[in-house]
Amino acid sequence: RKAEPALFLQRGPALVGSFVDRLQLTGIDSVYVLLCLRSELVWSQIHRITNGVGTPNISFDEIRSLQIPWLPEGPGKTGNLPTTQQDFRQAFLQQVHPLHLRYLEGDSEAQTQAAEALSSILRALNSLTFGHCDRNATG
């Protein structure tokens, strides 16, 4: 789908279409960045800087300027809520990714379940991250 961040979790080559930008991240968890790119905080930044008519455009310089909420990297879960990059990674890999794989195998209900699980994780991220923007993404 257009204008949506995605993450390729498999090893090896991938075949992608045009209008795909590949980012290489260092010093920050890639799953956490994917979730941030879908968060209200970062999406509001993207909305402000996109340009063009039709398909929205965003340059690599604009991507680098995005303020990614900085959370600690190690484990730190308090109760059921994720509080660190690793917690959010684990939540995504345990709750959302298996449902995506089931959907790719033909389970049509898994897509709705994945969307609900992702929404739940994003709600946790949105409630935690407002006020934690102090590092830029690198691309």
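**Entry 1: the pair in α3.** I looked up arginine 64 and aspartate 61 in this predicted model. The two residues are 3 apart in helix α3 (residues 60-64), so about one helical turn separates them. They form a salt bridge, with the closest N and O atoms 3.0 Å apart. I noted aspartate 61 as exposed, at 58% relative accessibility. Arginine 64 is partly exposed, its relative accessible area being 35%.

**Entry 2: the full search.** I then searched the whole structure for such pairs and found 3 salt bridges. One of them joins aspartate 107 to arginine 102, with 2.8 Å between the closest N and O atoms. Aspartate 107 is partly exposed at 26% relative accessible area, and arginine 102 is partly exposed at 35%.

**Entry 3: arginine 89 and aspartate 29.** I found a salt bridge here too, with the closest N and O atoms 3.0 Å apart. Arginine 89 sits in helix α4 and aspartate 29 in the segment before α1, so the pair ties together parts that lie 60 residues apart in sequence. Aspartate 29 counts as buried at 17% relative accessibility, whereas arginine 89 is partly exposed at 26%.

**Entry 4: α1 against α4.** I next examined how helix α1 (residues 30-37) packs on helix α4 (residues 85-95): the angle is about 80° and the axes are 8 Å apart. Angles of 65 to 115 degrees count as roughly perpendicular, and α1 and α4 are therefore roughly perpendicular to each other. From α1, I listed Ser30, Val31, Tyr32, Leu34 and Leu35, which meet Gln85, Phe88, Arg89 and Phe92 of α4. I sorted the residues of this contact into 6 nonpolar, 2 polar and 1 charged.

Definitions and conventions:
Residues are numbered from 1 along each chain as its sequence is written. This is a predicted model: local features need pLDDT of at least 70, side-chain atom pairs count only at pLDDT 80 or more; totals for chains, interfaces and linings use all residues. Side-chain values use heavy atoms; hydrogens and water are left out. Axes are lines fitted to C-alpha atoms, for helices over the stretch in contact, and angles run from 0 to 180 degrees between N-to-C directions. Helices (H or I, at least four residues) and strands (E, at least two) are DSSP runs, numbered from the N terminus. Angles under 35 degrees count as roughly parallel, over 145 as roughly antiparallel, 65 to 115 as roughly perpendicular and the rest as oblique. Contact means heavy atoms within 4.5 Å. Ala, Val, Leu, Ile, Met, Phe, Trp, Tyr, Cys and Pro count as nonpolar, Asp, Glu, Lys and Arg as charged, and the others, Gly among them, as polar. A salt bridge is a side-chain nitrogen of Lys or Arg within 4 Å of a carboxyl oxygen of Asp or Glu. Buried means under 20% relative accessible area, exposed over 50%, partly exposed in between (1.4 Å probe, protein chains only).
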